Amino acid sequence: MKRMLSGIKPTGGLTLGNYIGAISQFIKYQDEYEMYVFIANLHSITVAQDPKELRQNTKDLIALYLAAGLDPQKVTLFLQSDISAHAELGWILTCHSYMGELQRMTQYKDKTAKGETNITAGLFTYPSLMAADILLYDADYVPVGIDQKQHVELTRNIAERFNNKYGETFIIPEPVIPKVGAKIMSLQDPTKKMSKSDETTKGAIYLLDEPAVARKKIMSAVTDSIGIIRYDEVNQPGIANLLTIHSVLSKESIEDIVERFSNHGYGDLKKEIGQLVFDFLSELQDRFKEIKNSGIVDEVLRQGKEQAEQIAYKKIRKVKRKVGFEIVK
Ligand code: TYM
């Protein structure tokens, strides 16, 4: 069975973008692949975190994974910091990454372009840690939204470089990007990605938003003055984004939705999507509450740690041998 791995940072609230670009893919593929899904808490501290909030966000993220439908019998769910091999391999791969390639990574480039001065060294080198996350488990596939594709490509380059220098060590992974929903856009500025740290919270639907509040956000989503419902990312990015959200939640194809709404206005479309989002969040949150009250989260993490460490520690030993670290056998 081919192996698949992915992770999400426990920073701030998770958005509908995270669900559509990442979590819904994990669920879709959990029967088909040997799946590893983790909470990328080492990555979260590349920007300042409050420890209490981080702990809470971490617990919420595990409960959300489970509420969304990840089955711990099929998926190894674990906390990145529980497996120290991530940090070890992260360092080794940082020393096999070039400043130039890290400087080309969008997140760093965007922050420097905005003139931000308090960028940590961790934020600069984190793509090498992400490479370690993936290569440590010999993942064949990495399901992510389009914004992470660049990092998986860097991972491939680092893996090839390492294999060439030390002999076959790592599997070269491939990104898996969803056909619909690879980049959900902000509801207030549909030319920008929907993001956890959206400047206006009206632009993002958070998975733990009150369903009625989320519905209002859909109703006030920015569209255009063209007035025709069709899928045109360039000229009607707001409507294209809404159609995408509809399609993913309803499982109806975009063409069918467009056809059904051919004689309708934007208000009707928004009303239907608002209801879909309302129902989706209500159900998800009911399960989320049940899971949080059940105490299952700790047990899932304990089991996930045991499973993940077997693979990770074997791999890190091999890497250490290859680079010349291991002296006493
Ligand atoms: P993070 O936490 O920023 O995002 C988690 C996942 O959600 C996807 N995503 C979106 N997809 C569609 N539309 C959006 N608006 C949207 N916003 C976010 C992201 O593409 C991602 O798949 N570095 C990673 C976490 C990570 C990781 C890994 C992922 C660490 N190590 C190893 C895969 C494999 C990150 O910051 O994702």
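This briefing covers a ligand site, two long-range helices and several single residues in one structure. The model is predicted. In it, 28 residues surround the ligand, and helix α7 is one of the elements that supply at least two residues of that shell. Helix α7 is also mostly covered, with 12 of its 15 residues buried, and bends by about 40 degrees at Pro127.

**Ligand site**

- The closest of the 28 surrounding residues are Lys9, Asp133, Gly145, Asp147 and Ile184.
- Lys9 places a polar side-chain atom 2.6 Å from an oxygen atom of the ligand.
- Ile184 approaches through its backbone, where an N or O atom lies 2.8 Å from a nitrogen atom of the ligand.
- Gly17 also takes part through a polar backbone atom, which is 3.2 Å from a nitrogen atom of the ligand.
- On its own the ligand has 720 Å² of accessible area, and the protein covers 97% of it.
- By residue class, the shell around the ligand holds 13 nonpolar, 9 polar and 6 charged residues.
- Strand β1 (3-8), helix α1 (16-29) and helix α7 each contribute at least two residues to this shell.

**Helix α7**

- Helix α7 runs over residues 121-135, and its 15 residues should span 21 Å at 1.5 Å a residue. The end C-alpha atoms are 22 Å apart, which agrees with that expectation.
- The axis of α7 bends by about 40 degrees, and the bend is at Pro127.
- Pro127 is itself among the buried residues of α7, as are Phe124, Tyr126, Met130 and Asp133.
- Buried residues of α7 also include the unbroken run from Tyr126 through Pro127, Ser128, Leu129, Met130, Ala131, Ala132, Asp133 and Ile134 to Leu135.
- Asp133 appears in two lists, as a buried residue of α7 and as one of the closest residues to the ligand.
- Ala121 belongs to α7 and counts as exposed because its relative accessible area is 61%, where exposed means over 50%.
- Leu135, also in α7, counts as buried because its relative accessible area is 1%, where buried means under 20%.

**Helix α3**

- Helix α3 covers residues 51-68, and its 18 residues should span 26 Å at 1.5 Å a residue. Its end C-alpha atoms are 25 Å apart, in agreement with that value.
- The buried residues of α3 include Leu54, Asn57, Thr58 and Asp60. Leu61, Ile62, Ala63, Leu64, Tyr65, Leu66, Ala67 and Ala68 are also among them.
- Gly69 follows just after α3 and takes a positive phi of about 125 degrees.

**Positive phi outside glycine**

- Asp138 is not a glycine, yet its phi is positive, at about 50 degrees. Asp138 is found in the loop between α7 and β4 (141-143).
- The relative accessibility of Asp138 is 22%, so Asp138 counts as partly exposed.
- Lys251 is likewise not a glycine and has a positive phi of about 65 degrees. The loop that holds Lys251 lies between α10 (237-250) and α11 (254-260).
- Lys251 counts as exposed, with 74% relative accessibility.

**Residue pairs and their surroundings**

- Glu101 is in helix α5 (residues 99-103), where it is buried with a relative accessible area of 8%.
- Glu101 and Pro127 are 26 residues apart in sequence, and their C-alpha atoms are 9.7 Å apart in space.
- Thr15 lies in the loop between β1 and α1 and is buried, at 1% relative accessibility.
- Thr15 and Leu135 are separated by 120 residues in sequence and by 27 Å from C-alpha to C-alpha.
- Leu135 and Ile20 are 115 residues apart along the chain, with their C-alpha atoms 24 Å apart.
- Ala121 and Glu174 are 53 residues apart along the chain, and 27 Å separates their C-alpha atoms.

Note on methods. Residues are numbered from 1 along each chain as its sequence is written. This is a predicted model: local features need pLDDT of at least 70, side-chain atom pairs count only at pLDDT 80 or more; totals for chains, interfaces and linings use all residues. Side-chain values use heavy atoms; hydrogens and water are left out. Helices (H or I, at least four residues) and strands (E, at least two) are DSSP runs, numbered from the N terminus. The expected span of a helix is 1.5 Å times one less than its number of residues. The bend at a residue is the angle between axes fitted to the seven residues ending there and the seven starting there. Buried means under 20% relative accessible area, exposed over 50%, partly exposed in between (1.4 Å probe, protein chains only). A residue is near a molecule or strand if one of its heavy atoms lies within 4 Å of it. A polar contact is a pair of N or O atoms within 3.5 Å; within protein, one must be able to donate a hydrogen and the other to accept it, and residues adjacent in sequence count only if both atoms are side-chain atoms. Accessible areas come from the Shrake-Rupley method with a 1.4 Å probe; for residues, only the protein chains shown count as cover. Ala, Val, Leu, Ile, Met, Phe, Trp, Tyr, Cys and Pro count as nonpolar, Asp, Glu, Lys and Arg as charged, and the others, Gly among them, as polar.
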